Amino acid sequence: IQAFTKFLGHPVISASAVLTAILVFSGLGSSFQGKIHLPAITRIKMGGFIISGLILLYLMLLDPLLANFTGCSAFLRYLITVSVIFPVSFFLGWMFPAGFQMLERRDDPLVPWAWGINGFASVTAAPLAVIIAMGAGLNAVMLFAVICYLTAAGTAWLWKT
């Protein structure tokens, strides 16, 4: 949201564009990932590495990309924002459903824990990101996200199915 506020010209418009894109496209990713004929563990590995790669690309290319379109109409800038957020959001939708699918298949007693941890992470991630951004900058938040998703993808290799 912070990265797109300057581009879109207003924090409310930025929040609406970013949150809408994340919710819609992660939902589509979540729905689509189940139709891919790969094991859930493979989808977690792929999702984690793709998300990490996209975030690193955003770190390098987002500011120059957005600078090229600063003079465009508000509608076009909104579409560009949604288009830029689409790929990473789509793959964000893969992680929890694939992990949950792995637990369900084993009739694992960790299913309630998975829901609880997901809820905890969802609630704490936003304020934690703000605190990290205020102290170390937005790039630090993005790098921390890369570390988290690489950790998720990396630990998928340790999972015994």
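Okay, let's start with phenylalanine 91, which counts as buried because its relative accessibility is 17%, and the cut-off for buried is under 20%. Keep in mind as I go through this that we're looking at a predicted model.

So where does phenylalanine 91 sit? It's in helix α4. If you skip the neighbours within four places in sequence, phenylalanine 91 is in contact with Gly47, Ile50, Ile51 and Leu54. And here's a distance for you: phenylalanine 91 and threonine 70 are 21 residues apart along the chain, and their C-alpha atoms are separated by 27 Å.

Staying in α4, have a look at glycine 93. That helix runs over residues 74-105, and glycine 93 is found in it. Buried or exposed? Glycine 93 is buried, with a relative accessible area of 7%. Not counting residues up to four places away in sequence, glycine 93 touches Ser26, Gly29, Ser30 and Gln33. Isoleucine 51, which we just met as a contact of phenylalanine 91, is 42 residues from glycine 93 in sequence, and the two are 10 Å apart in space, C-alpha to C-alpha.

Now over to helix α3, with two residues that might catch your eye. The first one I want to show is arginine 43, which has its place in α3. Arginine 43 counts as buried, because its relative accessibility is 2%. Which residues is arginine 43 in contact with, once we leave aside the neighbours within four places in sequence? They are Gln33, Ile36, Leu38, Trp94, Ala98 and Gln101. Gln33 should sound familiar, since glycine 93 touches it.

Then there's lysine 45, also placed in α3, which covers residues 40-68. Lysine 45 counts as buried at 16% relative accessibility. Leaving out the neighbours within four places in sequence again, lysine 45 is in contact with Ala153, Ala156 and Trp157.

While we're on α3, let's talk about a pocket. The second largest pocket holds about 330 Å³ of space. It's lined by 14 residues, and the closest to its centre are Ala3, Lys6, Leu62, Asp63 and Leu66. Which helix gives the largest share of that lining? That's α3, with six residues. At least two residues of the lining come from each of α1 (2-8), α3 and α6 (138-155). As for what kind of residues they are, the lining of the second largest pocket has nine nonpolar, three polar and two charged residues.

Last stop: α6 again, this time with its partner α5. Helix α5 is residues 111-136, and the axes of α5 and α6 are 6 Å apart, with the helices packing at an angle of about 130 degrees. That angle is why α5 and α6 count as oblique to each other; the roughly antiparallel class would need an angle over 145. And what are the residues in the contact of α5 with α6 like? They divide into eight nonpolar, no polar and no charged. By name, Ala129, Ile132, Ala133 and Ala136 in α5 meet Leu138, Ala140, Val141 and Phe144 in α6.

That's my tour, and I'm happy to go back to any of these spots on the screen.

Terms used:
Residues are numbered from 1 along each chain as its sequence is written. This is a predicted model: local features need pLDDT of at least 70, side-chain atom pairs count only at pLDDT 80 or more; totals for chains, interfaces and linings use all residues. Side-chain values use heavy atoms; hydrogens and water are left out. Helices (H or I, at least four residues) and strands (E, at least two) are DSSP runs, numbered from the N terminus. Buried means under 20% relative accessible area, exposed over 50%, partly exposed in between (1.4 Å probe, protein chains only). Contact means heavy atoms within 4.5 Å. On a 1 Å grid over the protein atoms alone, a cavity is a set of points where a 1.4 Å probe fits but cannot get out, and a pocket is an open set with protein on both sides within 12 Å along at least five of seven lines; lining residues have an atom within 4 Å of a point. Grid points are joined across faces, edges and corners, and a volume is the space filled by probe spheres set on the points. Ala, Val, Leu, Ile, Met, Phe, Trp, Tyr, Cys and Pro count as nonpolar, Asp, Glu, Lys and Arg as charged, and the others, Gly among them, as polar. Axes are lines fitted to C-alpha atoms, for helices over the stretch in contact, and angles run from 0 to 180 degrees between N-to-C directions. Angles under 35 degrees count as roughly parallel, over 145 as roughly antiparallel, 65 to 115 as roughly perpendicular and the rest as oblique.
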